[in-house]
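Here is a quick walk through one protein model, written for someone who would rather be at the bench. Have the sequence and the 3D view open as you read.

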Amino acid sequence: MRIGHGYDVHRLKEGRRLILGGVEIEYVMGLDGHSDADVLCHAITDAILGAAKMGDIGLLFPDTDMSFKDADSVELLRTAVRAVADKGYKVGNIDATIIAQKPKLRPYIDKMCENIAGACDTSVDNVNIKATTEEGLGFSGEGLGMAAHAVCLLENK
Ligand code: MG
């Protein structure tokens, strides 16, 4: 077994869609970035690549590459999972935390778990997603951005 950790941050901006774990969430702002800026998928992708000693998401999908403009990050995650599968690994389990002051994410969590499990070719029982606020402190607390942490265990196939 191998363990990996991922962390990502994106800035909130008006006029952008908010997408977390492949779920579009109704909110007054969205996350800004080259792709769809799905901060949760990016942290999970980094955790998976990290566990396999395959660098990070920026190495696999450079933001200088126009083919990744507005990319669906669930598909990027799926591609990363295929890359680690080629090295002989499969996802054991994933635990992730989204850090956001607003909006309430609870109603969307089950669908996020389904999307991530599908992309990772694993059971939804192996994917846990949590959301927390930082009590009004720092950039997330001030509503300037969102962050996500993830850990992933990879197993030999
Ligand atoms: Mg990112």
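## Overall size and build

The radius of gyration used here is taken over C-alpha atoms, and the rule for a globule is 2.2 Å times the number of residues to the power 0.38. Keep in mind that what you are looking at is a predicted model. For 157 residues, a compact globule would come out near 15 Å, and the protein has 15 Å, so the two agree. Laid along its principal axes, the set of C-alpha atoms fills a box of roughly 40 × 35 × 25 Å.

How many helices and strands are there? The count is five helices and seven strands. Read from the N terminus, they come in the order β-β-β-β-α-α-α-β-α-β-α-β. Among contacts with a separation of 6 or more, 73% join residues that sit 24 or more positions apart.

## Inside, outside and charge

Of the 157 residues, 48% count as buried. The protein exposes about 8000 Å², and 49% of that comes from carbon and sulfur atoms. As for charge, there are 17 positive and 24 negative side chains. The centres of those two sets lie 3 Å apart.

## The magnesium site

Which residues hold the magnesium ion? Asp8 (OD), His10 (NE2) and His42 (ND1) coordinate the ion, at 2.1 to 2.2 Å. Along the sequence, these donors follow the spacing D-x1-H-x31-H. Asp8 belongs to strand β1 (residues 2-14) and His42 to helix α1 (residues 39-51), so this pair ties together parts that are 34 residues apart in sequence.

Are Asp8 and His42 buried or exposed? The cut-off for buried is under 20% relative accessible area. Asp8 has 17%, so Asp8 counts as buried. His42 has 7%, so His42 counts as buried too.

## Leu12 and its distant partners

Further along strand β1 there is Leu12. With a relative accessible area of 10%, Leu12 is buried. Its C-alpha atom is separated by 4.6 Å from that of Gly145, even though the two residues are 133 residues apart along the chain.

What does Leu12 touch, once residues up to four places away in sequence are set aside? The list takes in Tyr27, Met29, Gly30 and Leu31, plus Gly143, Leu144, Gly145 and Met146.

## Where the two ends come together

Met1 sits in the segment before β1. At 72% relative accessibility, Met1 counts as exposed. Still, Met1 has company from the other end of the numbering: Met1 and Asn156 are 155 residues apart in sequence, yet their C-alpha atoms are 6.7 Å apart in space. Leaving out neighbours within four places, Met1 is in contact with Leu153, Leu154 and Glu155.

## Helix α4 and what covers it

Helix α4 covers residues 109-119, and its buried residues are Ile109, Met112, Cys113, Asn115, Ile116, Ala117 and Ala119. In general, an α-helix has 3.6 residues a turn, so residues three or four places apart point the same way. Within α4, Ile109, Met112 and Ile116 are among the buried residues.

What covers the buried residues of α4? The cover includes strands β2 (18-20), β3 (23-25), β5 (89-99) and β6 (127-132). Helices α1 and α3 (73-86) are part of the cover as well.

## Backbone oddities

A few spots on the backbone deserve a look. Most residues other than glycine have a negative phi, and most peptide bonds are trans. Against that background, the peptide bond from Lys102 to Pro103 is cis, with omega near -10 degrees. You will find Pro103 in the loop between β5 and α4. Just after α4, Asp121 takes a positive phi of about 55 degrees.

Two more residues have a positive phi without being glycine. Ala37 has a phi near 65 degrees and is found in the loop between β4 (29-31) and α1. Lys53 has a phi near 55 degrees and is placed in the loop between α1 and α2 (57-60). Which of the two is buried, and which is exposed? Ala37 is buried, with a relative accessible area of 0%, whereas Lys53 counts as exposed at 67%.

Methods
Residues are numbered from 1 along each chain as its sequence is written. This is a predicted model: local features need pLDDT of at least 70, side-chain atom pairs count only at pLDDT 80 or more; totals for chains, interfaces and linings use all residues. Side-chain values use heavy atoms; hydrogens and water are left out. Donors are N, O and S atoms within 2.8 Å of the metal (3.2 Å for Na, K and Ca); water is not among the atoms, so sites may look incomplete. Helices (H or I, at least four residues) and strands (E, at least two) are DSSP runs, numbered from the N terminus. Buried means under 20% relative accessible area, exposed over 50%, partly exposed in between (1.4 Å probe, protein chains only). Contact means heavy atoms within 4.5 Å. Accessible areas come from the Shrake-Rupley method with a 1.4 Å probe; for residues, only the protein chains shown count as cover. Lys and Arg count as positive and Asp and Glu as negative; His and the chain ends are not counted. The place of a charge is taken as NZ of Lys, CZ of Arg, CG of Asp or CD of Glu.
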